[in-house]
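Here is a note for a colleague who is meeting this chain for the first time. Please read the points with the structure open beside you.

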Amino acid sequence: MKKILLLLFLLFFIYIVIINKEQVVNKTITNDNYSINYPYFSNSNINSYILSYLNKHINTKDYDKLIIDYDYDNKTKTLTIYKTTYKGNIINEKSKTFKISKNNIYEIEVTKNTTKEYNFNLNNNINSKYIALTFDDGPSINTSRVIDILNKYNARATFFITGKNIKGKEEVLRKMSSSNMEIANHTYNHLLLTKYSIEKIEEEIDKTSNQIFDVVGFYPSLLRPSYGAVNKKVKQASNMPIIIWDVDTLDWKYKNSKRIYNTVINKAKDGDIVLMHDIYKSTVNSLDLIIPELINNGYNLVTVSELFNYKNIKLEKGKVYGFAKN
Ligand code: ZN
């Protein structure tokens, strides 16, 4: 019996160390000019190939901003690297697919360049199309960059703040406020509120509202319960309108900026509320892809409160809203 156990353990060990060794680790390099997500393989040959590939693109300097992201399919061992460059109003996209074998990597496909010229007419309100981007679970170390990117495009968004994350990030909250972003309530401990008593739910909400008040000098006027979970008790306990969403980027799951971009561009329409999380670097990276395209498609990026204002929908406390359409 012991021998069998030992053998099983050995097989498991071999599986982890040898067969499964190609596990890919996500790495990030970020500065003002580029944001790069790339895969790190356990094989040094493959890694040096990828690094020199990245270096080549970083060093062209033929951009104001460069974004690189990737998809890796562990089953087919294919790696696709997406490259997006920004220069003035021109956005260029290119991708390359590689096949990974044991200790080698080779190109199998290059997509053709797509170049788009964007028209950043920032006050093109004539279209009256509005989308509200929302960011949950912060503030985090990445939130300040989210605010910078929004500011760069003169866009606004709503941040649903988790109270327990405020401490040490007060400056970020003040930056949100001075950048005219909307600061809203995402409860204190990020609990599944539907499982708790009304008193506990109220405490979770109030604690966050009070902390926000202490830092920026006003109370939030919108609530998003963690996980978007709402029942009768939550509605009763909420002294604010309850805002959920109708476009879910699943950014927490895929952590891939190209994928987040595709979801938003394909799904988000006038009056939609888009769910994202400002705690992931890939989400931050996706914004430089998403925001210029939405603006170019005639959307105004506004806060949730602004969205409902523009749509002439009056928000009521304790009611649940997932979009603003009349
Ligand atoms: Zn959340």
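1. A good place to begin is a pair of strands: β8 (residues 129-136) and β13 (residues 272-277) pair in the parallel sense over six bridges. Here helices (H or I, at least four residues) and strands (E, at least two) are DSSP runs, numbered from the N terminus, and two strands pair if DSSP finds at least two bridges between them. In this pairing, Asp-136 stands opposite His-277 of β13. Strand β12 (residues 247-248) also pairs with β13 in the parallel sense, over two bridges, and there Asp-248 has Leu-275 as its bridge partner.

2. Before going further, please keep in mind that this is a predicted model, in which local features need pLDDT of at least 70 and side-chain atom pairs count only at pLDDT 80 or more, while totals for chains, interfaces and linings use all residues. Residues are numbered from 1 along each chain as its sequence is written, and side-chain values use heavy atoms, with hydrogens and water left out.

3. Is β13 buried or exposed? Six of the six residues of β13 are buried, so the strand is largely enclosed by the rest of the structure; buried means under 20% relative accessible area, exposed over 50%, and partly exposed in between, with a 1.4 Å probe and protein chains only. In a regular strand the side chains alternate between the two faces of the sheet. In β13 both faces are covered, with Asp-272, Val-274 and Met-276 buried on one side and Ile-273, Leu-275 and His-277 buried on the other.

4. Asp-272, which lies in β13, deserves a separate look, for it counts as buried at 3% relative accessibility. A polar atom of the Asp-272 side chain lies 2.6 Å from the backbone nitrogen of Lys-269; a polar contact is a pair of N or O atoms within 3.5 Å, where, within protein, one must be able to donate a hydrogen and the other to accept it, and residues adjacent in sequence count only if both atoms are side-chain atoms. Leaving aside neighbours within four places in sequence, Asp-272 is in contact (heavy atoms within 4.5 Å) with residues including Tyr-130, Asp-246, Leu-307 and Phe-323.

5. Which residues coordinate the zinc ion? They are Asp-137 (OD), His-186 (NE2) and His-190 (NE2), at 2.1 Å, and in sequence these donor residues are spaced D-x48-H-x3-H. Donors are N, O and S atoms within 2.8 Å of the metal (3.2 Å for Na, K and Ca), and water is not among the atoms, so sites may look incomplete. His-186 is buried, with a relative accessible area of 1%, and His-190 is buried too, with a relative accessible area of 17%.

6. The largest nonpolar core has 42 residues, and among those with the most contacts inside it are Leu-133, Phe-135, Leu-150 and Ile-291. Such a core is a set of buried Ala, Val, Leu, Ile, Met, Phe, Trp, Tyr and Cys residues joined through side-chain atoms within 4.5 Å. Helix α9 (residues 281-296) supplies the largest share of this core, seven residues. Apart from it lies another core, of 19 residues, among them Phe-41, Ile-46, Ile-50 and Leu-66.

7. Strand β4 (residues 78-87) has nine of its 10 residues buried, so β4 is largely enclosed by the rest of the structure. On one side of the pairing, β3 (residues 65-73) and β4 run antiparallel over nine bridges, with Lys-83 of β4 as the bridge partner of Ile-68. These two strands form a hairpin with four residues between them, and Lys-77 in the turn has a positive phi of about 55°. Strand β5 (residues 90-101) is also antiparallel to β4, joined to it by 10 bridges, and Thr-78 stands opposite Lys-99 in β5. The β4 and β5 hairpin has two residues between its strands, and Gly-88 in the turn has a positive phi of about 60°.

8. For the chain as a whole, the secondary structure comes to 10 helices and 15 strands, and 48% of the 326 residues count as buried. The C-alpha trace spans about 65 × 60 × 35 Å along its principal axes.
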